[in-house]
Amino acid sequence: MKELKVTPIKDGTVIDHITPGRALKVLRILKIPESTSSVVSVAMNVSGKMGKKDIVKVENRELDPKELDKIALIAPKATINIIRDYEVIKKHKVVLPDEVIGIAKCSNPTCISNAREPVESRFHVIGKDPPRIKCYYCEREPEDITEGII
Amino acid sequence: MNFKGRDIISIKDFSKAEIEYLLDYTKKMIPYANGEKHTNVLKEKILCSLFFEPSTRTRLSFESAMNRLGGRVIGFAEPSATSQKKGENLADTIRMADSYSDAIVIRHPQEGAARLAAEFAKAPVLNAGDGAGQHPTQCLLDLFTILMEKKKIKGNNVVLLGDLKYGRTVHSLAYALSMFKADLTFVSPESLKMPKEVINECKELGVEPTSTTSLEKAIKEADVLYVTRIQKERFPDAEEYNRVVGSYKVDATLLKQAKEDLIVMHPLPRVMEIDPEVDKTTHALYFKQAFNGVPVRMALLSLVFGGKKL
């Protein structure tokens with residue numbers, strides 16, 4: 001954690017190696033700040049060993065690393081660090097699940113998932129590097145994944 | 001192979017072996033589809049036919065198929081007299097249809113509608129076309145027509161002509177023909193080219209389609225010419241439609257350059273893309289193709305209800 005320009009946190013979760021410029025979209029996927037009252041700090045375009053990156057820190061809350069896998073859609077190289085007393089006690093590299101539900105809107109305006117129906121958006125993951133998804137309903141592949149993030 | 005209770009939503013849900021099985025099963029249906037033989041194998045079964053968009057062939061052939069199998073059909077041919085008009089969502093309409101019938105066939109203007117219907121229905125759902133999306137039964141009857149006429153699908157040079165951008169039938173057909181290793185040529189105006197996504201799918205299946213704007217060039221080597229209508233209803237603006245409508249016309253003069261055994265297919269309705277004089281030639285297969293909708297849909301209905309012996 002020493003290489004970080006922002007102050008280390010005592011307890012909580014650090015999401016590191018987020019694709020530069022995507023930290024706010026990551027927060028949107030994680031429904032932050034709506035889902036938490038913890039202190040959240042965001043650093044964007046931080047220089048790291050592998051080039052620029054974004055970082056998100058959520059204090060006093062340990063997010064479930066598995067639950068964070070869905071951010072792999074827009075930040076495929078992200079790592080989740082669980083911090084206790086300034087030490088990284090668990091490190092997890094996000095893995096894109098085979099299906100993503102409810103986090104991205106289908107880009108096809110005439111897709112039934114965009115109509116007034118009691119369903120969440122749902123995509124099959126058809127490629128992991130780079131991430132490619134296909135709508136479960138209309139079978140279309142959005143050109144820009146980040147645009148559809150709800 | 002077990003199709004009992006299965007939803008028929010997209011051709012991509014089927015393996016090549018399953019499609020071959022379906023096409024083979026369809027052959028058995030022909031004498032029942034044309035009225036030579038009779039069966040009551042689906043007696044007591046009710047098909048609910050929900051057509052939220054206009055249709056002639058698909059709706060009538062589904063109804064004919066169910067009737068020929070001894071089953072019954074309820075439903076509507078256009079949504080204006082239904083609760084959708086009052087603002088009911090599709091999920092609720094499907095829940096109702098599910099409780100009134102044993103299988104549901106749906107045509108809807110929005111892509112993915114049939115997939116959604118399948119989520120809310122316990123009964124099998126058969127997609128009769130969802131917007132610019134999938135139309136699996138059309139695809140199967142197209143494959144069946146080529147198979148019956150050419151004895152095989154592999155190696156035939158199939159030219160897909162017309163609106164390749166918005167046409168739902170050509171997207172599924174290009175995919176299915178690639179599964180069977182047909183050679184593909186796409187002919188369309190520049191603005192209505194086959195989407196890259198579809199071309200990539202063909203490539204992933206080992207087929208390298210050729211694209212051109214020249215029908216004259218493509219016709220000479222074609223074994224199958226699959227013509228589609230430039231669909232006014234799919235265009236976002238009238239100006240673009242007016243620019244491309246009437247780009248191609250298949251007539252007797254053009255067909256003089258074609259192979260003798262070329263077959264001309266069309267999912268119909270046609271407007272002006274095939275001259276009526278072609279109807280009299282040996283090339284014209286589109287009416288037979290339309291008939292094939294009945295045995296194909298009979299095969300599907302029979303199989304989703306368990307494939308009892310006729």
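**Close-ups of a predicted two-chain model**

**View 1. Ile104(B) and its neighbours.** Leaving aside residues up to four places away in sequence, Ile104(B) touches Cys48(B), Leu50(B), Ile94(B), Ala97(B), Asp98(B), Ala117(B), Ala121(B), Ala123(B) and Val125(B). Keep in mind that this is a predicted model. Ile104(B) also turns up among the residues with the most contacts inside the largest nonpolar core, as does its neighbour Ala117(B).

**View 2. The largest nonpolar core.** This core has 135 residues. Both chains show up on the list of its best-connected members: Val26(A) and Ile71(A) from one, and Ile104(B), Ala117(B), Leu160(B), Leu225(B) and Val264(B) from the other. Which helix gives the most to this core? That's helix H11 of chain B (residues 286-304), with 10 residues.

**View 3. The buried side of H3(B).** Leu90(B), Thr93(B), Ile94(B) and Ala97(B) are the ones to look for here, as they are buried in H3(B). Their arc around the axis is only 100 degrees, so they sit on the same side of H3(B). What do the buried residues of H3(B) pack against? Their partners are strand E1 (46-51), strand E3 (103-108) and H4, again in chain B. Two of these buried residues, Ile94(B) and Ala97(B), are already familiar as contacts of Ile104(B).

**View 4. Arg72(B), in a strand.** Arg72(B) belongs to strand E2 of chain B, which covers residues 72-76. Buried, exposed or in between? Arg72(B) counts as partly exposed, because it has 15 other C-beta atoms within 10 Å, and a buried residue would need 20 or more. Ser101(B) is worth picking out in this view too: its C-alpha atom and that of Arg72(B) are separated by 9.5 Å, with the two residues 29 apart along the chain.

**View 5. Where chain B touches chain A.** Here 15 residues of chain B are in contact with 16 residues of chain A. On the chain B side, helix H3 (90-100) and helix H4 (113-120) each put in at least two residues. H4(B) gives the most, with four residues. Sorted by class, the chain B side of this contact has seven polar, four nonpolar and four charged residues.

**View 6. The two domains of chain B.** Domain 1 takes in 11-134 plus 293-304, and domain 2 runs over 136-290. Their C-alpha centres lie 25 Å apart. The contact draws 20 residues from domain 1 of chain B and 19 residues from domain 2 of chain B. On the domain 1 side, helix H1 (16-33), strand E4 (125-130) and H11 of chain B each give two or more residues. H1(B) has the largest share, with five residues. That side breaks down into nine nonpolar, seven polar and four charged residues.

**View 7. The two domains of chain A.** Chain A splits into domain 1 (12-93) and domain 2 (99-148). The C-alpha centres of these domains of chain A are 23 Å apart. Eight residues from domain 1 of chain A and seven residues from domain 2 of chain A make up the contact. On the domain 1 side there are five nonpolar and three charged residues, with no polar ones.

**View 8. Stepping back to chain B as a whole.** Chain B has 11 helices and nine strands. Its C-alpha atoms fill a box of roughly 55 × 45 × 40 Å along the principal axes. The radius of gyration is 19 Å, which agrees with the value near 19 Å for a compact globule with 310 residues. Of those 310 residues, 51% count as buried.

Conventions:
Residues are numbered from 1 along each chain as its sequence is written. Chains are lettered from A and ligands numbered from 1 in the order in which they are written. This is a predicted model: local features need pLDDT of at least 70, side-chain atom pairs count only at pLDDT 80 or more; totals for chains, interfaces and linings use all residues. Domain bounds come from an automatic or database domain assignment. Two residues are in contact if their C-beta atoms, placed from the backbone, lie within 7 Å. Ala, Val, Leu, Ile, Met, Phe, Trp, Tyr, Cys and Pro count as nonpolar, Asp, Glu, Lys and Arg as charged, and the others, Gly among them, as polar. The radius of gyration is taken over C-alpha atoms; the globule rule is 2.2 Å times the number of residues to the power 0.38. A residue is buried if 20 or more other C-beta atoms lie within 10 Å of its own, exposed if 12 or fewer, and partly exposed in between; C-beta atoms are placed from the backbone. A nonpolar core is a set of buried Ala, Val, Leu, Ile, Met, Phe, Trp, Tyr and Cys residues joined through C-beta atoms within 7 Å. The arc is that of the directions from the helix axis to the C-beta atoms.
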